[in-house]
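The exercises below are meant to be worked through with the sequence and the 3D view side by side. Try each task before reading its solution.

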Amino acid sequence: MQVDLFYELAVPEHLGRSEAQVYHETLAELTLADRLGFHGAWFVEHHFMREYSHSSAPEVFLGAASQRTERLRLGHAVVVLPYQHIVRVAEKAAALDILSGGRLELGLGRGFSPKEYRLFGSDMGQSRRHLEEGLAILRRAPGGAFSHHGEIYDFEDLDILPKPVQRPHPPLWTAAVSPPSFQWAAKEGIGVLSGPFKPWFLIKQDLKSYRRAWREHHGTATVTPGQNPRFAMTIGCLCLENEREARQLAAGFAWYYQRLLDQTRPVLAQLRESYEYYHRLGFLEPLLRRGLSLSLLENMGMVVVGDPASCRRKLSRYARAGVDRLILAVGAGMVPSEVTQRSLEILAREVLPGLEHEDADAA
């Protein structure tokens, strides 16, 4: 199981950090993570979400990160395709891949905010078509000139420049929430990014569905070189030598996840029909109605907090279940950067080496 990092570039007012401070301290954290041997780092694209996420131009941030790191994979999680022209997406992705020396991981998504859709002039009803056509174009962009005639895009004999370093293209992922999205991703042969606002008992079902659908469409073979099944999930994490200190500092996670829930509540509510069995049992109600706490988030498998031994034990269950990539929001922007950096060092030294030897259960 590979372990990456996750950033929303949160700027909570009660912590007193400025946007500039968050940006520069995050770059320092990436430099450290690169030296410590973490596999990658992912940045979201969100707009108009004051305090919770100030990551509205992740491609710019990733360009800066590409010059501060040498081995760290750089993930865009995700490009919201209905908000921008796919040719510009392909051009910027190729430029990032060149600047990073072939380290880009490209996530694609449909978005969920009506406010963003209204401002960027897109029709939410066409979001699925944006994703399907965009994926087809991104796959062809690294080659020579080509034509595309679809519902969203129509062009003739277009040669998109520059070309990415990775071939046939950077690894492609999609944000997946509903069960059909996991099945679609498997059919298309791309990776899935799950979480961070779904509890582990739901994600386990998604993981099984994705693996099953992949086998149905592709057997055990890869679709193209390097495009094997890839299932990633995001959780909050804080690991310190002293468990009591970790739990005290991680109490702020409840603020972060409450803001996340406020943004995604309509999406989560729509999952009631998809996961009706769990809804009947009442498992979704704590997230939809009750206030969040650190203990509730831990019980839902959405955060891991503690000392190295407890964090290693808790994280190992995701490896055993077959999660290919665990994306950790270390500190989740709720602690000073010096604490996040201390946690990164402890994770790299005392936790992650033990996870490398975990065997995945059959999914």
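Two residues are in contact when they have heavy atoms within 4.5 Å. Helices (H or I, at least four residues) and strands (E, at least two) are DSSP runs, numbered from the N terminus. Buried means under 20% relative accessible area, exposed means over 50%, and partly exposed lies in between (1.4 Å probe, protein chains only).

This is a predicted model, in which local features need pLDDT of at least 70 and side-chain atom pairs count only at pLDDT 80 or more, while totals for chains, interfaces and linings use all residues. Residues are numbered from 1 along each chain as its sequence is written, and side-chain values use heavy atoms, with hydrogens and water left out.

**Exercise 1. Describe helix H1 and what its buried residues pack against.**

Step one is the length: H1 has 18 residues and reaches 26 Å from its first C-alpha to its last, close to the 26 Å expected at 1.5 Å a residue, where the expected span is 1.5 Å times one less than the number of residues. Step two is to list the buried residues of H1, which are Val22, Thr26, Leu27, Glu29, Leu30, Leu32, Ala33 and Asp34. An α-helix has 3.6 residues a turn, so residues three or four places apart point the same way. Step three is to find the partners: the buried residues of H1 pack against S1, S2, H2 and H14. Just after H1, glycine 37 takes a positive phi of about 95 degrees.

**Exercise 2. Carry out the same analysis for helix H3.**

Begin again with the span: the 14 residues of H3 (residues 86–99) should cover 20 Å at 1.5 Å a residue, and the end C-alpha atoms are 20 Å apart, which agrees. Next come the buried residues of H3, which are Ile86, Val87, Val89, Ala90, Ala93, Ala94, Leu96 and Asp97. Their cover includes H2, strand S3 (73–80), strand S4 (104–109), helix H5 (127–140) and S6. Just after H3, glycine 101 has a positive phi of about 70 degrees.

**Exercise 3. Is isoleucine 137 buried or exposed, and which residues is it in contact with?**

First locate isoleucine 137, which lies in helix H5. With a relative accessible area of 0%, isoleucine 137 is buried. Leaving aside neighbours within four places in sequence, isoleucine 137 is in contact with Ile86, Phe146, His148, Tyr153, Phe155 and Ile160. As a further check on distance, the C-alpha atoms of isoleucine 137 and serine 147, which are 10 residues apart along the chain, are separated by 9.2 Å.

**Exercise 4. Find the largest cavity and describe its lining.**

Rolling a probe the size of a water molecule over the atoms shows where empty space is left. A cavity is a set of points, on a 1 Å grid over the protein atoms alone, where a 1.4 Å probe fits but cannot get out, and its lining residues have an atom within 4 Å of a point. Grid points are joined across faces, edges and corners, and a volume is the space filled by probe spheres set on the points.

A search of the whole structure finds 4 cavities of 30 Å³ or more, and the largest holds about 170 Å³ of space. Its lining has 18 residues, of which Tyr7, Ala10, Val330, Ala332 and Gly333 lie nearest the centre. Strand S1 (2–7), helix H1 (19–36), strand S11 (325–330) and helix H14 (337–355) each supply at least two residues of this lining, and H1 gives the most, with 3 residues. By class, the lining has 11 nonpolar, 4 polar and 3 charged residues, where Ala, Val, Leu, Ile, Met, Phe, Trp, Tyr, Cys and Pro count as nonpolar, Asp, Glu, Lys and Arg as charged, and the others, Gly among them, as polar.

**Exercise 5. Examine the backbone at leucine 9, phenylalanine 48, proline 162 and proline 196.**

Leucine 9, in the loop between S1 and H1, has a positive phi of about 55 degrees although it is not a glycine, and with a relative accessible area of 3% leucine 9 is buried. Phenylalanine 48, in the loop between strand S2 (40–43) and helix H2 (58–68), is not a glycine either and has a positive phi of about 60 degrees, but phenylalanine 48 is partly exposed, with a relative accessible area of 46%.

For the prolines, look at omega: the peptide bond from leucine 161 to proline 162 is cis, with omega near 0 degrees, and the bond from glycine 195 to proline 196 is cis, with omega near 5 degrees. Proline 162 is found in the loop between strand S6 (154–158) and strand S7 (172–175), whereas proline 196 is found in the loop between strand S8 (191–194) and helix H7 (200–218).

How values were computed:
1 Å grid on protein atoms, 1.4 Å probe; cavity = no way out; pocket = protein on both sides within 12 Å on 5 of 7 lines; lining within 4 Å.
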